[in-house]
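Please look through the sequence and the model below. The paragraphs that follow take one helix as a starting point and work outward from there.

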Amino acid sequence: MTIAQIMEKMITLSKENIHDIDHFIRVWTYAKIIGELENLDSETQFILEVSAIVHDTACPLCREKYGNTNGKHQEEEGIPLTMEFLKDTGLTEIQVERVAFLVGHHHTYNGVDGKDWQVLIEADYIANASENGYSRKNVENFMQKKMKTESGKRLLRSVFRL
(Lines give C-alpha, C1' and ligand atoms only; values in the text may rest on other atoms or scores of the structure.)
Protein backbone atom coordinates (compact mmCIF):
# COMPACT_ATOMS: atom_id res chain seq x y z
CA MET A 1 0.00 0.00 0.00
CA THR A 2 1.01 3.57 -0.52
CA ILE A 3 1.17 6.19 2.22
CA ALA A 4 -2.14 7.57 0.95
CA GLN A 5 -3.79 4.15 1.15
CA ILE A 6 -2.51 3.58 4.69
CA MET A 7 -3.75 7.06 5.59
CA GLU A 8 -7.19 6.26 4.19
CA LYS A 9 -7.28 2.96 6.11
CA MET A 10 -6.37 4.79 9.34
CA ILE A 11 -9.03 7.44 8.75
CA THR A 12 -11.59 4.65 8.35
CA LEU A 13 -10.35 2.95 11.53
CA SER A 14 -10.74 6.25 13.42
CA LYS A 15 -14.53 6.05 13.00
CA GLU A 16 -15.21 9.75 12.51
CA ASN A 17 -13.11 10.83 15.53
CA ILE A 18 -12.00 14.15 14.06
CA HIS A 19 -9.55 14.86 16.90
CA ASP A 20 -7.69 11.58 16.32
CA ILE A 21 -7.70 12.05 12.55
CA ASP A 22 -6.45 15.64 12.77
CA HIS A 23 -3.76 14.59 15.25
CA PHE A 24 -2.23 11.79 13.20
CA ILE A 25 -2.38 13.89 10.03
CA ARG A 26 -0.55 16.66 11.87
CA VAL A 27 2.07 14.24 13.26
CA TRP A 28 2.51 12.69 9.82
CA THR A 29 2.98 16.15 8.28
CA TYR A 30 5.63 17.19 10.83
CA ALA A 31 7.36 13.80 10.53
CA LYS A 32 7.39 14.02 6.73
CA ILE A 33 8.84 17.54 6.84
CA ILE A 34 11.52 16.75 9.44
CA GLY A 35 12.44 13.43 7.81
CA GLU A 36 12.86 14.99 4.38
CA LEU A 37 14.83 17.94 5.76
CA GLU A 38 17.08 15.47 7.59
CA ASN A 39 17.63 13.63 4.28
CA LEU A 40 16.46 10.24 5.54
CA ASP A 41 16.86 7.44 3.03
CA SER A 42 13.64 6.39 1.29
CA GLU A 43 13.13 3.23 3.38
CA THR A 44 13.58 5.05 6.69
CA GLN A 45 11.31 7.87 5.48
CA PHE A 46 8.62 5.34 4.53
CA ILE A 47 8.82 3.59 7.93
CA LEU A 48 8.70 7.00 9.64
CA GLU A 49 5.63 8.13 7.71
CA VAL A 50 3.73 4.88 8.28
CA SER A 51 4.62 5.05 11.98
CA ALA A 52 3.42 8.64 12.21
CA ILE A 53 0.09 7.69 10.66
CA VAL A 54 -0.54 4.71 12.97
CA HIS A 55 1.27 5.89 16.11
CA ASP A 56 -1.96 6.38 18.08
CA THR A 57 -3.77 3.33 16.79
CA ALA A 58 -4.38 2.22 20.39
CA CYS A 59 -6.15 5.41 21.49
CA PRO A 60 -9.72 4.19 20.92
CA LEU A 61 -9.01 0.96 22.82
CA CYS A 62 -7.26 2.86 25.63
CA ARG A 63 -10.21 5.21 26.05
CA GLU A 64 -12.55 2.24 26.30
CA LYS A 65 -10.32 0.01 28.45
CA TYR A 66 -8.60 2.56 30.73
CA GLY A 67 -10.71 5.70 30.39
CA ASN A 68 -7.71 7.65 29.08
CA THR A 69 -4.99 7.68 26.44
CA ASN A 70 -1.99 7.51 28.76
CA GLY A 71 1.20 7.18 26.73
CA LYS A 72 2.37 3.97 28.39
CA HIS A 73 -0.98 2.29 27.72
CA GLN A 74 -0.79 3.45 24.09
CA GLU A 75 2.64 1.89 23.76
CA GLU A 76 1.63 -1.43 25.33
CA GLU A 77 -1.62 -1.82 23.42
CA GLY A 78 -0.30 -0.30 20.20
CA ILE A 79 2.17 -3.01 19.22
CA PRO A 80 -0.30 -5.86 18.57
CA LEU A 81 -2.90 -3.47 17.13
CA THR A 82 -0.34 -2.06 14.71
CA MET A 83 0.78 -5.51 13.59
CA GLU A 84 -2.84 -6.47 12.94
CA PHE A 85 -3.57 -3.17 11.15
CA LEU A 86 -0.58 -3.57 8.82
CA LYS A 87 -0.87 -7.29 8.07
CA ASP A 88 -2.65 -6.84 4.73
CA THR A 89 -0.83 -3.74 3.52
CA GLY A 90 1.98 -5.41 1.62
CA LEU A 91 4.66 -4.16 4.02
CA THR A 92 7.43 -6.66 4.68
CA GLU A 93 7.69 -8.40 8.04
CA ILE A 94 10.75 -6.29 8.85
CA GLN A 95 8.86 -3.07 8.02
CA VAL A 96 5.85 -4.11 10.12
CA GLU A 97 8.09 -5.02 13.05
CA ARG A 98 9.88 -1.65 12.94
CA VAL A 99 6.64 0.32 12.68
CA ALA A 100 5.16 -1.67 15.59
CA PHE A 101 8.33 -1.05 17.60
CA LEU A 102 8.11 2.69 16.95
CA VAL A 103 4.42 2.76 17.89
CA GLY A 104 5.35 0.86 21.06
CA HIS A 105 8.00 3.44 21.94
CA HIS A 106 6.71 6.80 20.69
CA HIS A 107 6.45 8.12 24.26
CA THR A 108 9.82 6.67 25.29
CA TYR A 109 12.64 9.17 25.02
CA ASN A 110 15.53 7.00 26.24
CA GLY A 111 17.45 4.50 24.14
CA VAL A 112 16.45 6.03 20.82
CA ASP A 113 18.15 3.85 18.20
CA GLY A 114 17.34 5.54 14.92
CA LYS A 115 16.37 8.76 13.20
CA ASP A 116 12.91 7.35 12.47
CA TRP A 117 12.27 7.01 16.22
CA GLN A 118 13.76 10.42 17.02
CA VAL A 119 11.78 12.21 14.33
CA LEU A 120 8.54 10.48 15.38
CA ILE A 121 9.05 11.67 18.97
CA GLU A 122 9.74 15.22 17.79
CA ALA A 123 6.79 15.33 15.39
CA ASP A 124 4.38 13.96 18.01
CA TYR A 125 5.63 16.45 20.58
CA ILE A 126 5.18 19.43 18.23
CA ALA A 127 1.63 18.30 17.43
CA ASN A 128 0.76 17.66 21.08
CA ALA A 129 2.27 20.95 22.24
CA SER A 130 0.30 22.97 19.71
CA GLU A 131 -2.94 21.05 20.29
CA ASN A 132 -2.72 21.17 24.08
CA GLY A 133 -1.24 24.64 24.62
CA TYR A 134 2.00 23.61 26.30
CA SER A 135 3.78 26.43 28.07
CA ARG A 136 6.71 28.20 26.48
CA LYS A 137 8.93 26.85 29.27
CA ASN A 138 7.81 23.26 28.57
CA VAL A 139 8.46 23.67 24.84
CA GLU A 140 11.90 25.22 25.36
CA ASN A 141 12.81 22.50 27.88
CA PHE A 142 11.81 19.74 25.46
CA MET A 143 13.79 21.34 22.66
CA GLN A 144 16.91 21.64 24.80
CA LYS A 145 16.75 18.21 26.44
CA LYS A 146 15.04 15.85 23.98
CA MET A 147 15.24 17.18 20.44
CA LYS A 148 18.22 15.99 18.43
CA THR A 149 17.46 16.93 14.83
CA GLU A 150 18.30 20.43 13.65
CA SER A 151 15.26 20.37 11.36
CA GLY A 152 12.96 19.50 14.25
CA LYS A 153 14.40 22.31 16.35
CA ARG A 154 13.95 24.81 13.51
CA LEU A 155 10.38 23.68 12.97
CA LEU A 156 9.59 23.91 16.69
CA ARG A 157 11.08 27.40 16.82
CA SER A 158 8.96 28.45 13.86
CA VAL A 159 5.72 26.95 15.17
CA PHE A 160 6.14 28.49 18.63
CA ARG A 161 8.03 31.67 17.65
CA LEU A 162 10.96 30.85 19.92
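In this predicted model, helix α7 has 18 residues and spans 25 Å from its first C-alpha to its last, close to the 26 Å expected at 1.5 Å a residue. The helix is mostly covered, with 14 of its 18 residues buried. Just after α7 comes Gly133, which takes a positive phi of about 65°.

One partner of α7 is helix α3, residues 42-54. Two packed helices are described by the angle between their axes and the distance between the axes. For α3 and α7, the axes come within 9 Å and cross at roughly 35°, and the crossing is right-handed. On the α3 side, the residues that take part are Thr44, Ile47, Leu48, Ser51 and Ala52, and they meet Asp116, Val119 and Leu120 of α7. By type, the residues of this contact divide into five nonpolar, two polar and one charged.

Asp116 deserves a separate look. This residue lies in helix α7. Is Asp116 buried or exposed? Its relative accessible area is 7%, under the 20% cut-off, so Asp116 counts as buried. Leaving aside neighbours within four places in sequence, Asp116 is in contact with Thr44, Ile47, Leu48, Arg98 and Leu102. Of these, Leu48 is 68 residues from Asp116 in sequence, yet the two C-alpha atoms are 5.1 Å apart in space.

Helix α7 also appears in the surroundings of α9, which runs over residues 150-160. In α9, Ser151, Gly152, Lys153, Leu155, Leu156 and Phe160 are buried. What covers the buried residues of α9 includes α7 (115-132), together with α2 (18-37) and α8 (136-145). After α9 comes Arg161, whose phi is positive, near 50°.

The cysteines are the last topic. How many disulfides does the structure hold? The count is zero. Cys59 is in no disulfide, and the nearest cysteine sulfur, that of Cys62, is 6.2 Å away. Why is there no bond from Cys62 to Cys59? A disulfide needs sulfur atoms within 2.5 Å, and the sulfur of Cys62 is 6.2 Å from the closest cysteine sulfur, in Cys59, so the two are too far apart for a bond. Both cysteines are nevertheless covered: Cys59 counts as buried at 4% relative accessibility, and Cys62 is buried with a relative accessible area of 0%.

Note on methods: Residues are numbered from 1 along each chain as its sequence is written. This is a predicted model: local features need pLDDT of at least 70, side-chain atom pairs count only at pLDDT 80 or more; totals for chains, interfaces and linings use all residues. Side-chain values use heavy atoms; hydrogens and water are left out. Buried means under 20% relative accessible area, exposed over 50%, partly exposed in between (1.4 Å probe, protein chains only). Helices (H or I, at least four residues) and strands (E, at least two) are DSSP runs, numbered from the N terminus. Contact means heavy atoms within 4.5 Å. The expected span of a helix is 1.5 Å times one less than its number of residues. Axes are lines fitted to C-alpha atoms, for helices over the stretch in contact, and angles run from 0 to 180 degrees between N-to-C directions. A crossing is left-handed if the near helix is turned anticlockwise from the far one by less than a right angle, and right-handed if clockwise. Ala, Val, Leu, Ile, Met, Phe, Trp, Tyr, Cys and Pro count as nonpolar, Asp, Glu, Lys and Arg as charged, and the others, Gly among them, as polar.
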